[in-house]
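Please find below a short note on the model under review. The comments are set out as numbered points.

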Amino acid sequence: MSVHDDLTSVRRCLDELTRSVRRLEQQLGGNGLEIRRVRTDADHLRESIALLDEAAPGLAKPRRPDLVPMSDAPYDTSLWTDSDDEGLGARDRRAP
């Protein structure tokens, strides 16, 4: 797994954590010190992941592979003179 995949996975988990904390705030009320501390800790985790993403820009983002142009010209038929047709055998023999 690449660094980018790991950071994406952590962000998804943090999104789920944030949703769960919001549900807890609705059930318990947002006035308690404990729930505010949990919400603040989740926010700090999100900021830390953003800092990690910025610290490793080359590792975090996958590089798109270079495109290779393909010619529309037909292939040289001499490439297949001694090849077998898949499932049929050689060209000069009958299939079983």
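The points below move from the whole chain to one helix pair and then to two individual residues.

1. Status and composition. The model is predicted, and it should be read as such. The protein chain contains three helices and two strands. Taken from the N terminus, the order of these elements is α-α-α-β-β.

2. Burial and surface. Of the 96 residues in the protein chain, 11% are buried. The chain exposes about 8,600 Å², and 56% of that area is supplied by carbon and sulfur atoms.

3. Contact range. Among contacts in the protein chain with a separation of 6 or more, 54% are between residues 24 or more positions apart.

4. Geometry of the α1 and α2 pair. Helix α1 spans residues 3–28 and helix α2 spans residues 33–55; they pack at an angle of about 165°, and their axes lie 10 Å apart. An angle over 145 degrees counts as roughly antiparallel, and α1 is therefore roughly antiparallel to α2. The crossing of α1 past α2 is left-handed.

5. Residues at the helix contact. On the α1 side, the residues that meet α2 are L7, V10, R11, L14, D15, L17, T18, V21, L24 and E25. On the α2 side, their counterparts are I35, V38, R39, A42, L45, R46, I49, L52 and D53. Sorted by class, this contact of α1 with α2 comprises twelve nonpolar residues, one polar residue and six charged residues.

6. The loop residue G30. G30 is located in the loop between α1 and α2. Is G30 buried, exposed or partly exposed? Its relative accessibility is 32%, so G30 counts as partly exposed. With neighbours within four places in sequence left aside, G30 is in contact with E25, I35, R36 and R39. Of these contacts of G30, E25 in α1 and both I35 and R39 in α2 also appear in the list of residues where the two helices meet.

7. The helix residue R11. R11 lies in helix α1 and has a relative accessible area of 28%, which means that R11 is partly exposed. Which residues does R11 contact, leaving aside its neighbours within four places in sequence? They are I49 and D53, both of which belong to the α2 side of the helix contact. R11 and A50 are 39 residues apart along the chain, while their C-alpha atoms are separated by 9.2 Å.

Key: Residues are numbered from 1 along each chain as its sequence is written. This is a predicted model: local features need pLDDT of at least 70, side-chain atom pairs count only at pLDDT 80 or more; totals for chains, interfaces and linings use all residues. Side-chain values use heavy atoms; hydrogens and water are left out. Helices (H or I, at least four residues) and strands (E, at least two) are DSSP runs, numbered from the N terminus. Buried means under 20% relative accessible area, exposed over 50%, partly exposed in between (1.4 Å probe, protein chains only). Contact means heavy atoms within 4.5 Å. Accessible areas come from the Shrake-Rupley method with a 1.4 Å probe; for residues, only the protein chains shown count as cover. Axes are lines fitted to C-alpha atoms, for helices over the stretch in contact, and angles run from 0 to 180 degrees between N-to-C directions. Angles under 35 degrees count as roughly parallel, over 145 as roughly antiparallel, 65 to 115 as roughly perpendicular and the rest as oblique. A crossing is left-handed if the near helix is turned anticlockwise from the far one by less than a right angle, and right-handed if clockwise. Ala, Val, Leu, Ile, Met, Phe, Trp, Tyr, Cys and Pro count as nonpolar, Asp, Glu, Lys and Arg as charged, and the others, Gly among them, as polar.
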